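Open your viewer and get comfortable. We will make a few selections together and look at what turns up at each stop.

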Amino acid sequence: MASTWLITGTSSGFGRHMTEQLLARGDRVAATLRRPSRLDDLRAQHADRLWVGRLDVTDTAAVRATVDAAWAAFGRIDAVVSNAGYGLFGAVEEMTDEQIERQLDTNVLGSIQMVRAALPHLRAQGGGRILQVASLGGHHAFPGLALYNATKFAMVGFTEALRAEVAPFGIGVTVVEPGSARTAFAEGSAAYAPAMEAYAGTPADALREQVRALDGTTSPGDPARMAAAMIAAADAPEAPVRLILGSDATVMIERALRERLAHVEEQRESAAATDADGARGGEPSWA
Ligand SMILES: NC(=O)c1ccc[n+]([C@@H]2O[C@H](COP(=O)([O-])OP(=O)(O)OC[C@H]3O[C@@H](n4cnc5c(N)ncnc54)[C@H](OP(=O)(O)O)[C@@H]3O)[C@@H](O)[C@H]2O)c1
């Protein structure tokens, strides 16, 4: 069972709920966030068990320095939760270059560098857990969320490959796939592409407006319950490959996977027709 934790994006939402719940049960938490004052209340109550680091995950040098400092503060960290991230809403053509780069820098590169910074410590201590927060949007694509989808699909693939790479070191890796939850996801650090007249009334525009109208009670997911489930997954004797949270996540992930499977069935013969003469069918030789 984990008792020391390193969590990114603890100012609100899942990160804040996890931090609160872990401190309440007596664990030690290295909490990172961009505005450390957001945890002043918890620091006042749990100064001996809460280490706070200012961190913007897009700053790779700061990610490494903060992870090293957290390990130096606690000696050992059982579970690393790479949670910081946000949504960019709008059609691909509407987004600014800066919005696109920031979305990829935060959700993909920030998450990858966080994990890379933690791996030497986890190996040196003989193992531990990594939870990477992805999304139902890592399986199901939505018009108006293409860049967010790109980041979360990326993190599902990254995390599944990483899991097999680091299993020999006793490091368990879980990808967390929440559905829509009652956090600050649609406000807070969310970004909205400037609307173009040409996209008025299109599916991407409609999704942006629906998300803007979310009032904190519309989404099915209870973030405190989801945070508790993430903690339980890190505590479990075997790291689950994935942790799906929310009834909408099961519905939408199942739909996406069934559609993909139907494509495989439809195209089995046409795909095989492109093999070289005499090629061995089935799994690639290097897999
Ligand atoms: N809520 C949902 O519906 C939902 C569903 C599936 C997946 N998720 C994922 O869950 C994770 C947490 O989101 P949430 O729902 O808890 O929303 P949230 O309340 O908005 O929390 C997001 C956290 O990420 C932080 N963050 C954003 N950019 C950052 C950066 N560059 N460096 C460091 N921290 C940064 C935010 O910090 P600031 O306060 O400084 O902005 C905040 O602490 C995200 O990865 C999100 O994609 C959310």
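Before we start, the residues of the largest cavity's lining divide into 3 nonpolar, 6 polar and no charged. Keep in mind throughout that this is a predicted model.

**Stop one: the cavity**

Select Thr-8, Val-57, Ser-82, Asn-83, Ala-84, Thr-106, Gly-110, Ser-111 and Met-114, and you have the lining of the largest cavity. Its volume is about 30 Å³. A search of the whole structure finds 1 cavity of 30 Å³ or more.

Which helix gives the largest share of this lining? Color residues 97-124, helix α4: 4 residues of the lining come from there.

**Stop two: the helix pair**

Keep α4 colored and add helix α5, residues 146-166. The two pack with their axes 9 Å apart, at an angle of about 15°. Angles under 35 degrees count as roughly parallel, and α4 and α5 are therefore roughly parallel to each other. Their crossing is right-handed.

**Stop three: the contact between them**

Now show side chains.

- On α4, select Ile-100, Gln-103, Leu-104, Asn-107, Val-108, Ser-111, Ile-112, Val-115 and Leu-119, which meet α5.
- On α5, select their partners: Leu-147, Tyr-148, Thr-151, Lys-152, Ala-154, Met-155, Phe-158, Leu-162 and Val-166.

How do the residues of this contact divide into nonpolar, polar and charged? There are 13 nonpolar, 4 polar and 1 charged.

**Last stop: a residue on both lists**

Finish by centering on Ser-111. This residue lines the largest cavity, and Ser-111 is also among the α4 residues that meet α5.

Conventions
Residues numbered from 1 in each chain as written. Predicted model: local features only at pLDDT ≥ 70, side-chain atom pairs only at ≥ 80, totals over all residues. Heavy atoms only, no water. 1 Å grid on protein atoms, 1.4 Å probe; cavity = no way out; pocket = protein on both sides within 12 Å on 5 of 7 lines; lining within 4 Å. Points joined across faces, edges and corners; volume = space filled by probe spheres on them. Nonpolar A, V, L, I, M, F, W, Y, C, P; charged D, E, K, R; others polar. Axes fitted to C-alpha atoms, helices over the stretch in contact; angles between N-to-C directions. Parallel < 35°, antiparallel > 145°, perpendicular 65-115°, else oblique. Left-handed = near helix turned anticlockwise from the far one by under 90°. Contact = heavy atoms within 4.5 Å.
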